Amino acid sequence: MTTAKFPQLLIGVVMLATAGLALALAPRVKVADQGPQISLETMIPGQFGDWKVDETIAPLIVSPDVKALLDRIYNQTLTRTYVSSGGKRLMLSIAYGSDQSYSTQIHRPETCYPAQGFQIGSMSKNFIAFGETKLPVMKLVATQGRRVEPITYWVMIGDSPVRGNFEQGFARLKYGLTGKIPYGLVIRVSTLSSDESESYRLQERFVRDMLDAVPVEYRKVLAGVDS
């Protein structure tokens, strides 16, 4: 073997070894197959605390292309409008995907709202106090014409609540290094109001009431809280 060919052979060996290592470390076990079965319709009560589903609001009908995208990414979606005894309305949207590989990762509001013609502003990381824990959430405002929609949301990657692209990617990587593919949820609550402060207070109250109402095993799925 000539000296000139040795570096090329070495590069080839390294590439083959890298490919083999990547294949060996590729996540193969889906966390969704090991935990409790998820049914969003039964998981979230139609009435709890001071809230009940507003039956007068017709479900939103999405276009065929949007539905096709949702069906590819998510196994289940839940969209409801709740109303309080005082007439305050709030929209809840939850999407669940059993496979949080890169190509099927869930979409966050700051990426999917602009695709529908909204402008995003006032985005910040925050927390919602729940018992002795603090649930990390993202708050943002989406506007389209006269429609102003303050939003609070968080993403679950397995049992890890995350905010933003970096935290979402890191949580997915953490599972991948153990050979597991996590499930994912995006939980979003929003109101139609130009009063951001009041909207966020209302949303925080709704989130605490909702988590209080679900069984402990579902509370862990929704927020990583097991008590």
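**Entry 1: Lys139 and Glu204**

I began with the salt bridge between the side chains of Lys139 and Glu204, where N and O are 2.6 Å apart. The model is a predicted one. I then asked which parts of the chain this pair ties together. Lys139 belongs to strand S7 (residues 133-144) and Glu204 to helix H6, so the bridge joins parts that are 65 residues apart in sequence.

I looked up the burial of each partner. Lys139 has 6% relative accessibility, so I noted Lys139 as buried. Glu204 has 19%, and because the cut-off for buried is under 20%, Glu204 counts as buried too.

**Entry 2: Glu204 again, with Arg208**

I found a second salt bridge at Glu204, this time with Arg208, and the closest N and O atoms there are 4.0 Å apart. Both residues sit in helix H6, four residues apart, which is about one turn of the helix. Arg208 has a relative accessible area of 29%, so I listed Arg208 as partly exposed.

**Entry 3: Helix H6**

I checked the length of H6 next. The helix has 18 residues (residues 196-213), and at 1.5 Å a residue they should span 26 Å. Its end C-alpha atoms are 26 Å apart, so the expected span and the model agree.

Which residue caps the N-terminal end of H6? I found Asp195 there, with a side-chain oxygen 3.4 Å from the backbone nitrogen of Ser197. I also went through the buried positions of the helix. Among them are Ser199, Tyr200, Leu202, Gln203, Phe206, Val207, Met210 and Leu211, and Glu204 from my earlier entries is on that list as well.

**Entry 4: Other salt bridges**

I searched the whole structure and got nine salt bridges. One of the pairs I looked up is Glu149 with Arg147, with 3.0 Å between the closest N and O atoms. Glu149 has 2% relative accessibility, so Glu149 counts as buried. Arg147, with a relative accessible area of 33%, is partly exposed.

I also noted a network of salt bridges that links Lys125, Arg163 and Glu167.

**Entry 5: Arg108**

Where does Arg108 lie? I located Arg108 in the loop between strand S5 (89-97) and helix H4 (109-112). Buried or exposed, I asked of Arg108. At 10% relative accessibility, Arg108 counts as buried.

I then listed what surrounds this residue. The Arg108 side chain makes a polar contact with the side chain of Glu110, at 3.0 Å. Leaving out residues up to four places away in sequence, Arg108 touches Tyr153, Val155, Gly164, Asn165 and Gln168.

**Entry 6: Ser122**

I looked at a backbone angle in strand S6 (residues 119-130), where Ser122 is found. Ser122 is not a glycine, yet its phi is positive, at about 50°.

**Entry 7: The whole chain**

I left the totals for last. The protein chain has seven helices and 11 strands. Of its 227 residues, 41% are buried. I also looked at contacts between residues at least 6 apart in sequence, and 69% of these join residues at least 24 apart. For the surface, I noted that the chain exposes about 12700 Å², with 58% of that supplied by carbon and sulfur atoms.

Note on methods
Residues are numbered from 1 along each chain as its sequence is written. This is a predicted model: local features need pLDDT of at least 70, side-chain atom pairs count only at pLDDT 80 or more; totals for chains, interfaces and linings use all residues. Side-chain values use heavy atoms; hydrogens and water are left out. Helices (H or I, at least four residues) and strands (E, at least two) are DSSP runs, numbered from the N terminus. The expected span of a helix is 1.5 Å times one less than its number of residues. Buried means under 20% relative accessible area, exposed over 50%, partly exposed in between (1.4 Å probe, protein chains only). A polar contact is a pair of N or O atoms within 3.5 Å; within protein, one must be able to donate a hydrogen and the other to accept it, and residues adjacent in sequence count only if both atoms are side-chain atoms. Contact means heavy atoms within 4.5 Å. Accessible areas come from the Shrake-Rupley method with a 1.4 Å probe; for residues, only the protein chains shown count as cover.
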